[in-house]
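Student: Hi! I have a protein model open on my screen and I'd like to learn how to read it. Could we go through some features together?

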Amino acid sequence: MSAEAPLIEVKNLKKYYGESNNIFKRKKEVVKAVDGVSFTIHKGETFGLVGESGSGKSTIGRSLLRLNSITSGEVLYKGKNLHSLSDKEVRKIRPKIQFIFQDPFSSLNPRIRVGDAIGEALLDHGLYRKDEVRKKVLEVMEICGLSLQHIDRFPHEFSGGQRQRIGIARAIILQPDFIVADEPVSALDVSIQAQIINLFSDLQKEKEITYLFISHDLSVVEHLCSKIGVLYLGSMMELTSRDKLYENPLHPYTKALLSAVPVPNPTLKRERIILQGDVPNPANPPKGCKFHTRCPLATDICQQEVPAFREVEPEHFVACHLV
């Protein structure tokens, strides 16, 4: 790991949602979307956050950019706690921390031409004059593999892969050093996924961009991420480098997720681990280890005590009583 201070540092992040469970609002049901998660991301890294739907991945991503409030904990960007800054202070930082949405079409205004959509943030932050914006937009469109003749077209005239490139262009035109990419390739065909992943990789090399890459697909993060955290019901189950995770997964949940990744060699067979039951209600998570209700190796202690998230080998952290 780099000896430099991390670009992003998340300390015991918690995000709870309270909902009334009856019309008299006498009792509240608390949903622990994120429950005490900690990790760091160094400059130039791509940190992968994986887990099933409802595990808290997107909530963490939005919390890192202060797109939603947090219940407790800290999110530090270059040592500054984003959630303790004023709106004016955050606005100064905003160009350097950007978000790429899962559905690029819904993030684009259908009535605004693509060139205007890509360049509007430059005007909003006062970074360029109006007569300079179009030239900058054309430069970024070329970098992102978009045809320059399409600058005056509307979002509905583009394919899914092209729209995702537009979303990436909107993010990088502000020259950020940190981008949260929330499931950016999940809605795309496999061949288009590869193109977008290659684009992410090329941009990182050219511009030293740091990513938080959110995905449910471990076969995708393998090609892009240097470090990976595995989430389950708002808690971190395992955290280590990409190579260690794929060569020696330690948590039963990680092993189950990896067993579902297709093997490119048809002569090799991987034993599939089928998890029984559904993901528990986050408003009423199981006692002890949250995963014990679906874990094929669970013992009595798993049902009674919450496992500590600890370093079991250098730079390999796991929350499991059995490791």
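Tutor: Sure. Let's begin with a term: a residue is called buried when its relative accessible area is under 20%, and exposed when that value is over 50%. Keep in mind as well that this is a predicted model.

Student: Got it. Which residues of H6 are buried?

Tutor: In H6, the buried ones are Gln193, Ile196, Ile197, Leu199, Phe200, Leu203 and Gln204. They sit on the same side of H6, because the arc they cover around the axis is only 155°.

Student: Why do residues a few places apart point the same way?

Tutor: The general idea is that an α-helix has 3.6 residues a turn, so residues three or four places apart point the same way. Now look at the other side of H6: Lys205 and Glu206 are exposed there.

Student: And what span should helix H6 have, at 1.5 Å a residue?

Tutor: Helix H6 covers residues 190-207, which is 18 residues, so its expected span is 26 Å. The C-alpha atoms at its ends are 26 Å apart, and that agrees.

Student: What follows H6?

Tutor: Glu208 does, and its phi is positive, near 55°.

Student: Let's try the loops. Where is Leu188 found, and is it buried or exposed?

Tutor: Leu188 is in the loop between strand E7 (178-182) and H6. Its relative accessibility is 12%, so Leu188 counts as buried. Setting aside neighbours within four places in sequence, Leu188 is in contact with Gly160, Gly161, Gln164, Gln193 and Ile196. Two of those names should ring a bell: Gln193 and Ile196 are among the buried residues of H6. Take Gln164 too: it is 24 residues from Leu188 along the chain, and their C-alpha atoms are separated by 9.0 Å.

Student: What about the loop between H4 and H5? Which residue has its place there?

Tutor: One of them is His150. With 13% relative accessibility, His150 counts as buried. Beyond its neighbours within four places in sequence, His150 is in contact with Val114, Met141, Phe158 and Gln162.

Asp152 also lies in this loop, which runs between helix H4 (130-143) and helix H5 (160-172). Asp152 is partly exposed, with a relative accessible area of 38%.

Student: Which residues is Asp152 in contact with, leaving aside neighbours within four places in sequence?

Tutor: Arg113 and Arg134. Also compare positions along the chain with positions in space: Asp152 and Gly115 are 37 residues apart along the chain, while their C-alpha atoms are separated by 5.9 Å.

Student: Now the empty space. How does anyone find out where it is left?

Tutor: The trick is to roll a probe the size of a water molecule over the atoms, which shows where empty space is left. In this model, the largest pocket has a volume of about 450 Å³. It is lined by 20 residues, and the closest to its centre are Gln98, Phe99, Phe101, Ala121 and Arg170.

Student: Which element gives the most to the lining of the largest pocket?

Tutor: H3, with five residues. Strand E6 (97-100), helix H3 (114-124) and H5 each supply at least two residues of that lining. Sorted by class, the lining has eleven nonpolar, five polar and four charged residues.

Student: What volume does the second largest pocket have?

Tutor: About 360 Å³. Of the 18 residues that line the second largest pocket, Asp35, Ser235, Lys290, Val306 and Pro307 are the closest to its centre. Strand E2 (28-41) and strand E10 (235-241) are the elements that give two or more residues to this lining, and E2 gives the most, with five.

Student: How many cavities of 30 Å³ or more does the structure hold?

Tutor: Two. The largest cavity has about 70 Å³ of space. Its lining has 13 residues, and Cys289, Phe291, Cys295, Cys302 and Cys320 lie nearest its centre. By class, that lining divides into ten nonpolar, three polar and no charged residues.

Student: And what lines the second largest cavity?

Tutor: The residues are Glu52, Ser53, Gly54, Ser55, Tyr232, Leu233, Tyr253 and Val279. About 30 Å³ of space lies in the second largest cavity. By class, its lining has four nonpolar, three polar and one charged.

Note on methods: Residues are numbered from 1 along each chain as its sequence is written. This is a predicted model: local features need pLDDT of at least 70, side-chain atom pairs count only at pLDDT 80 or more; totals for chains, interfaces and linings use all residues. Side-chain values use heavy atoms; hydrogens and water are left out. Helices (H or I, at least four residues) and strands (E, at least two) are DSSP runs, numbered from the N terminus. The expected span of a helix is 1.5 Å times one less than its number of residues. Buried means under 20% relative accessible area, exposed over 50%, partly exposed in between (1.4 Å probe, protein chains only). The arc is that of the directions from the helix axis to the C-beta atoms. Contact means heavy atoms within 4.5 Å. On a 1 Å grid over the protein atoms alone, a cavity is a set of points where a 1.4 Å probe fits but cannot get out, and a pocket is an open set with protein on both sides within 12 Å along at least five of seven lines; lining residues have an atom within 4 Å of a point. Grid points are joined across faces, edges and corners, and a volume is the space filled by probe spheres set on the points. Ala, Val, Leu, Ile, Met, Phe, Trp, Tyr, Cys and Pro count as nonpolar, Asp, Glu, Lys and Arg as charged, and the others, Gly among them, as polar.
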